[in-house]
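Hi,

Here is the structure I promised to pass on to you. Have a look at it first, and then read on for what turned up.

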Amino acid sequence: MGKTTGFLEYDRVNGPVREEKDRIKDFKEFHDSLPLSKQQEQAARCMNCGIPFCQAGVMISRMVSGCPLNNLVPEINDLVYRGRMEEAYKRLSITHSFPEFTSRVCPALCEAACTCSYDGDAVSTKENEKAVIEYAYANNLVSEETAVQRTGKKVAVIGSGPSGLACAQLLNRRGHEVTVYERRDRVGGLLRYGIPNMKLDKSLIDRRIKLMEDAGIKFVVNTDVGHDIKAVELNKKYDSIVLACGASNPRDINAPGREAKGIRFAVDFLTEVTKTLLDSDFKKVPYDLAKDKDVIIIGGGDTGNDCCGTCIRLGAKSVTQLEMMPKPSEERLPSNPWPEWPRVLKVDYGQEESIYKFGHDPRIYQTTVKEFIKDKKGHLKEVVLVSLESVKDEKTGRFNMVPVEGSEKTVSCQLVLIAAGFLGSEKYVTDDFKVELDGRSNVKTDEDKHASSKANVYAAGDVRSGQSLVVRAISDGRKAAREVDMALMGYTNL
């Protein structure tokens, strides 16, 4: 696969990226692509290793190593290297529903497990994938399969995020009549409103949804299942129901002063920004949300990083990102060997932009908010920060992050964005369907299965596994579709 000596002949080269001084002025995507000839050289670096860990998608030390979709990475890289882009697209499409999404937002688990990354730079599989799917769109190769014959079975998919869309796609290809319910005004779920436009241009979602609609999938928006329409009604109308409504119950920070105006959940904030941009066709930018404000983001993950980049674009006076855990090592530790996912310090685009804008990394480690302070009108004006240290619990043996006495510090702040993760599924949905939950408030299923405790009701994606990656959600949606099809038809060819 690839060129035998390619990894020795070619250094890794990434696609061009717009400089911070330009990209923070708008909400457009800023990662560009290499010319196809140069991308072929990058694909030539795939070294035909004996065991392609890149495509394994297995759990090692409770982390996924390799692609959860089991894309046959060396085969695709080889076809890109040889310039056989149509064949590369066909190969990729066998295992992948939406390469246009993951090639932009996935952390590239495949690259972390690449043999080249053991002591060098991984093959740029993510950018190779982007080259394949964009070539396919540009050359009218992308289409959604329409079943020659319908089965007469009806399936409702609740939620139009990556898992719901992937599940709907396969079930429709099989010939079932699929209806997708979305509580918001536009299809896409997390892809639409949880990820900023500069990271994933929303026209890419519209492009795919149009194909899916043309293939027969029905999308119903502005319909909140559990409120606007009840489970009992859906159970009467559909043969099977798939809950793919995410793990959107946010973890709160219950410190004194929490009721102050100016404290928001991060995804609600990102949703309002994106919706304002889309509603106005990008003519209106909601500067009022963050302009000239000292912003504190609680949470060091991807959502926190997205808030960094968004607030900078909205003219924030300062941006600080709090992380409860210690600062990661800049290199792999012996306790975190390849091909495990590398638990190392990463500087993402939001932090890069903050360094450019304010001259320093926005992240403060081992720190959280102890108190929110409001003014006489109830608006947030300051927060009290406190340092944390790791202390062993003698009863459980676990190490917990606890406040350091006397380390409190009061700082100016008019906007807090809570990006501290999620606690599981929305209770009103699971209550309405009367499905059993696990200890983390997710829909309970047997291991590697998707059927819930209620007959004909299935779960896919974050609602089943908890907050995770887009690529894992797509994989789970595809697996759920196969299970639903098997139950409906007695066999499956998905």
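Arg-208 is buried, as its relative accessible area is 3% (buried means under 20% relative accessible area, exposed over 50%, and partly exposed in between, with a 1.4 Å probe and protein chains only). Its side chain meets that of Glu-100 in a salt bridge, at 2.7 Å from N to O; by salt bridge I mean a side-chain nitrogen of Lys or Arg within 4 Å of a carboxyl oxygen of Asp or Glu. Glu-100 also counts as buried, because its relative accessibility is 0%.

Before going further, please keep in mind that this is a predicted model, where local features need pLDDT of at least 70 and side-chain atom pairs count only at pLDDT 80 or more, while totals for chains, interfaces and linings use all residues. Residues are numbered from 1 along each chain as its sequence is written, and side-chain values use heavy atoms, with hydrogens and water left out.

**More on the salt bridges**

The structure holds 37 salt bridges. The one between Glu-100 and Arg-208 links distant parts of the chain, 108 residues apart: Glu-100 sits in helix H6 (residues 99-105) and Arg-208 in helix H11 (residues 202-214). Helices (H or I, at least four residues) and strands (E, at least two) are DSSP runs here, numbered from the N terminus.

Glu-134 forms a salt bridge with Arg-207, and their closest N and O atoms are 3.1 Å apart. This pair also links distant parts of the chain, with Glu-134 in helix H8 (residues 125-138) and Arg-207 in helix H11, 73 residues apart. Arg-207 counts as partly exposed, at 24% relative accessibility.

A further salt bridge joins the side chains of Asp-302 and Lys-346 (3.7 Å, N to O). Asp-302 lies in helix H14 and Lys-346 in the loop between S9 and helix H15 (349-358), so the pair ties together parts that are 44 residues apart in sequence. Asp-302 is partly exposed at 34% relative accessibility, and Lys-346 is partly exposed at 42%. You may also like the network in which salt bridges with shared partners join Arg-23, Arg-313, Glu-352 and Glu-353.

**Two open sheets**

One open sheet has five strands in the order S7-S15-S8-S9-S10, with parallel pairing; two strands pair if DSSP finds at least two bridges between them. Strand S7 (263-265) and strand S10 (363-365) are its edge strands, each pairing on one side only. The twist from one strand to the next averages 25°. Angles run from 0 to 180 degrees between N-to-C directions, and axes are lines fitted to C-alpha atoms, for helices over the stretch in contact.

Within this sheet, strand S8 (residues 294-298) pairs with strand S9 (residues 318-323) in the parallel sense over five bridges, and Val-295 stands opposite Val-319 in S9. Helix H13 (residues 266-279) packs on the sheet and touches S7 and strand S15 (415-418), its direction making about 85° with that of S7. Contact means heavy atoms within 4.5 Å. Helix H14 (residues 302-313) lies across S8, S9 and S15 and runs at about 175° to S9.

Another open sheet of five strands has the order S5-S4-S3-S6-S16, with parallel pairing. Strand S5 (218-220) and strand S16 (457-459) stand at the edges with a single partner strand each, so one side of each has no neighbour in the sheet.

Enjoy the browsing, and best wishes!
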